[in-house]
Amino acid sequence: MSAAPQLNPATHEYDFHDGHFNLLRKLVAEHAGIALNDSKRELVYGRLARRIRALKLSGFDDYCRLLENDPGEEMIEFINAITTNLTAFFREVHHFEFLADTAIPEFVKANAASRRLRIWSAGCSTGEEPYSIAMTLLESVPDAARWDIRILATDIDSNVVATASAGVYAESRLQGVSDERRRRWFTGAGKPGYVQVKPEVAELIRFAPLNLMHEWPFQGPFDAIFCRNVVIYFDKPTQHALFQRYGNIIAPHGYLFIGHSESMFGAQTAFELIGRTTYRVQRG
Ligand SMILES: C[S@@+](CC[C@H](N)C(=O)[O-])C[C@H]1O[C@@H](n2cnc3c(N)ncnc32)[C@H](O)[C@@H]1O
């Protein structure tokens, strides 16, 4: 077995050794299900060195002691610092095309009596994903105003959930958004270079912090779950257990969308693959 790469003390302000890294990865696995391999050593150092500075601690010994003995609010800051929140509007656009062209027409038929539609963006980061879902629904559900539509958008990182619910974005973040959609679904945010998602889009979404490893305070059924670029940070048993739980709360006609580098390979689940990273509940 090759030795774990060590950080160069000449370029790193704080001493950071195996004992620190192993404790920190144990805590992040226990609290968030996130599995950090040796290649994440530098990332962990960089993100937590910022917390050490902000808390005016002397180094990783102090920081580890704090997390082990009396973390209080710092456990949340620690998890927030470790999570990776990269996202974009209409990221992996084929899912939104599938939603508009195939899934929504099916949902509209299946739910004609209740006129109820539920979608969960699990690991929503700063909100671009649930807003993209909401825009797609408004564009594709005929007579959407007469439907009971809710998108649940959750993330373990309380900072990104706060950003998401504000719905304000730098214009530079709108690369995946067509001009027509910009005009239709965004408005000025009162400061140059920023736009805000219009209220008719935002009002479809409920944002909340939620750790996917914990109990979920809702039962579904969901017509679709987007859990994209989230399970990539979990080990295989954690991924499989999560897919199993999704299977229990997706409607019989429902879909699960996962990220471009994720797969259900090897998991015994209630889903069948029907397209690029697009799964549906097994039907007979
Ligand atoms: C890379 S972002 C993906 C955002 C969006 N789904 C997308 O594909 O663009 C991954 C998100 O998963 C969240 N996450 C990681 N572990 C989590 C957990 N145990 N429970 C809930 N969210 C988690 C992170 O905070 C982060 O915002």
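The following exercises with worked solutions go through the sheet, its helices and some backbone details of a predicted model.

Residues are numbered from 1 along each chain as its sequence is written. Because the model is predicted, local features need pLDDT of at least 70 and side-chain atom pairs count only at pLDDT 80 or more, while totals for chains, interfaces and linings use all residues.

**Exercise 1. The sheet**

Task: State the strand order of the open sheet and find its edges.

Solution.
- Step 1. Helices (H or I, at least four residues) and strands (E, at least two) are DSSP runs, numbered from the N terminus. Two strands pair if DSSP finds at least two bridges between them.
- Step 2. Seven strands make up the open sheet, with mixed pairing and the order 6-2-1-7-8-10-9.
- Step 3. The edges are strand 6 and strand 9 (271-275), each with a single partner strand, so each has one side without a neighbour in the sheet.
- Step 4. On average, neighbouring strands of this sheet are turned by 20 degrees against each other, direction ignored. For angles in general, axes are lines fitted to C-alpha atoms, for helices over the stretch in contact, and the values run from 0 to 180 degrees between N-to-C directions.

**Exercise 2. Strand 2 and its partners**

Task: Describe the pairing of strand 2 with strand 1 and with strand 6, and say how far strand 2 is enclosed.

Solution.
- Step 1. Strand 1 (residues 116-122) pairs with strand 2 in the parallel sense over seven bridges. Within this pairing, W120 stands opposite L152 in strand 2.
- Step 2. Strand 6 (residues 205-209) runs parallel to strand 2, and five bridges join the two. Here A153 stands opposite F207 in strand 6.
- Step 3. A residue is buried if 20 or more other C-beta atoms lie within 10 Å of its own, exposed if 12 or fewer, and partly exposed in between, with C-beta atoms placed from the backbone. Six of the eight residues of strand 2 (residues 148-155) are buried, so the strand is largely enclosed by the rest of the structure.
- Step 4. Together with helix 6 (residues 128-140), strand 1 and strand 2 make a right-handed β-α-β unit. A crossover is right-handed if, with the strands pointing away from the viewer, the path from the first strand over the helix to the second runs clockwise.

**Exercise 3. From strand 7 to strand 10**

Task: Follow the pairing from strand 7 through strand 8 to strand 10.

Solution.
- Step 1. Strand 7 is mostly covered, with six of its six residues buried.
- Step 2. Strand 7 pairs with strand 1 in the parallel sense over three bridges, and S121 stands opposite F226 in strand 7.
- Step 3. The pairing of strand 7 with strand 8 is also parallel, over five bridges. The bridge partner of F226 in strand 8 is F257.
- Step 4. Helix 10 (residues 236-249) carries the chain from strand 7 to strand 8 in a right-handed β-α-β crossover.
- Step 5. Strand 8 (residues 250-258) and strand 10 (residues 278-281) pair in the antiparallel sense over three bridges. F257 stands opposite T278 in strand 10.

**Exercise 4. Helix 1 against helix 4**

Task: Characterise the contact between helix 1 and helix 4.

Solution.
- Step 1. Two packed helices are described by the angle between their axes and the distance between the axes.
- Step 2. The axes of helix 1 (residues 18-32) and helix 4 (residues 74-82) come within 11 Å and cross at roughly 95 degrees.
- Step 3. Helix 1 is therefore roughly perpendicular to helix 4. Angles under 35 degrees count as roughly parallel, over 145 as roughly antiparallel, 65 to 115 as roughly perpendicular and the rest as oblique.
- Step 4. V28, H31 and A32 of helix 1 make the contact with M75, I79 and I82 of helix 4. Two residues are in contact if their C-beta atoms, placed from the backbone, lie within 7 Å.
- Step 5. Five of the contact residues are nonpolar, one is polar and none is charged. Ala, Val, Leu, Ile, Met, Phe, Trp, Tyr, Cys and Pro count as nonpolar, Asp, Glu, Lys and Arg as charged, and the others, Gly among them, as polar.

**Exercise 5. Backbone exceptions**

Task: Locate S125, N229 and P221, and give the backbone feature of each.

Solution.
- Step 1. Most residues other than glycine have a negative phi, and most peptide bonds are trans.
- Step 2. S125, in the loop between strand 1 and helix 6, has a positive phi near 50 degrees. S125 counts as buried because it has 25 C-beta neighbours inside 10 Å.
- Step 3. N229 lies in the loop between strand 7 and helix 10, and its phi is positive, near 60 degrees. With 21 C-beta neighbours inside 10 Å, N229 counts as buried.
- Step 4. P221 is in the loop between strand 6 and strand 7. The peptide bond from G220 to P221 is cis, with omega near 0 degrees.
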